[in-house]
Amino acid sequence: MANTYTWDFTFDVCNQPQNGHQNCIKTIHWRYTAVSDSETNAEGQPLSVSAYGTADLETPEVGDPDFVAFDSVTKDWGKTKTLISLGKTEDDMQTTLDNQMTALANPPMRQAVPVGW
């Protein structure tokens, strides 16, 4: 089973200057999704799972070389900041989603009632 992974981001951006910077990102809202290329649901649609959350950021001081202007932010920047905030690697995230996908495709438990009831 192989999965395709996609990051999605939205940002909370300050309307007022912060530490001398305009449009500072304070929070990253992230979602990391895996879509299976082999497992499907009952309707034949590919199975998918995702993880999501937020990453809070500190506003850099004026002159900080790590500051990135809002309009220069890339998905790779969002991914890097998110992974740092989580203390994880992208491989860690993929393993988590792969395990969720395996459990979804082959549930380890089911609910049932005995036939004689």
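The dialogue below works through a pocket and two loop residues in a predicted model.

Me: How much space lies in the largest pocket, and which residues are the closest to its centre?

Reply: A pocket can be described first by its volume and then by its lining. Here the largest pocket holds about 250 Å³ of space, and 17 residues line it, those closest to its centre being L57, E58, P60, W77 and K81. By character, the lining divides into ten nonpolar, five charged and two polar residues.

Me: Is C24 buried or exposed?

Reply: Burial is read from relative accessible area, and under 20% counts as buried. Because its relative accessibility is 3%, C24 falls in the buried class, although its place is in a loop, the one between β1 (3–13) and β2 (25–40).

Me: Which residues is C24 in contact with, leaving aside its neighbours within four places in sequence?

Reply: With those neighbours set aside, C24 is in contact with D12, V13, C14 and Q18, and also with T59 and F67. A separation along the chain can be set beside one in space: C24 and T10 are 14 residues apart in sequence, and their C-alpha atoms are separated by 13 Å.

Me: Where is H21, and which backbone oxygen atoms does its side chain reach?

Reply: H21 is also placed in the loop between β1 and β2, and it counts as buried because its relative accessible area is 8%, where the cut-off is 20%. A polar atom of the H21 side chain lies 3.2 Å from the backbone oxygen of P60, and the side chain reaches the backbone oxygen of E61, likewise at 3.2 Å. Beyond four places in sequence, H21 touches Q16, T59, P60, E61, V62 and F67.

Terms used:
Residues are numbered from 1 along each chain as its sequence is written. This is a predicted model: local features need pLDDT of at least 70, side-chain atom pairs count only at pLDDT 80 or more; totals for chains, interfaces and linings use all residues. Side-chain values use heavy atoms; hydrogens and water are left out. On a 1 Å grid over the protein atoms alone, a cavity is a set of points where a 1.4 Å probe fits but cannot get out, and a pocket is an open set with protein on both sides within 12 Å along at least five of seven lines; lining residues have an atom within 4 Å of a point. Grid points are joined across faces, edges and corners, and a volume is the space filled by probe spheres set on the points. Ala, Val, Leu, Ile, Met, Phe, Trp, Tyr, Cys and Pro count as nonpolar, Asp, Glu, Lys and Arg as charged, and the others, Gly among them, as polar. Helices (H or I, at least four residues) and strands (E, at least two) are DSSP runs, numbered from the N terminus. Buried means under 20% relative accessible area, exposed over 50%, partly exposed in between (1.4 Å probe, protein chains only). Contact means heavy atoms within 4.5 Å. A polar contact is a pair of N or O atoms within 3.5 Å; within protein, one must be able to donate a hydrogen and the other to accept it, and residues adjacent in sequence count only if both atoms are side-chain atoms.
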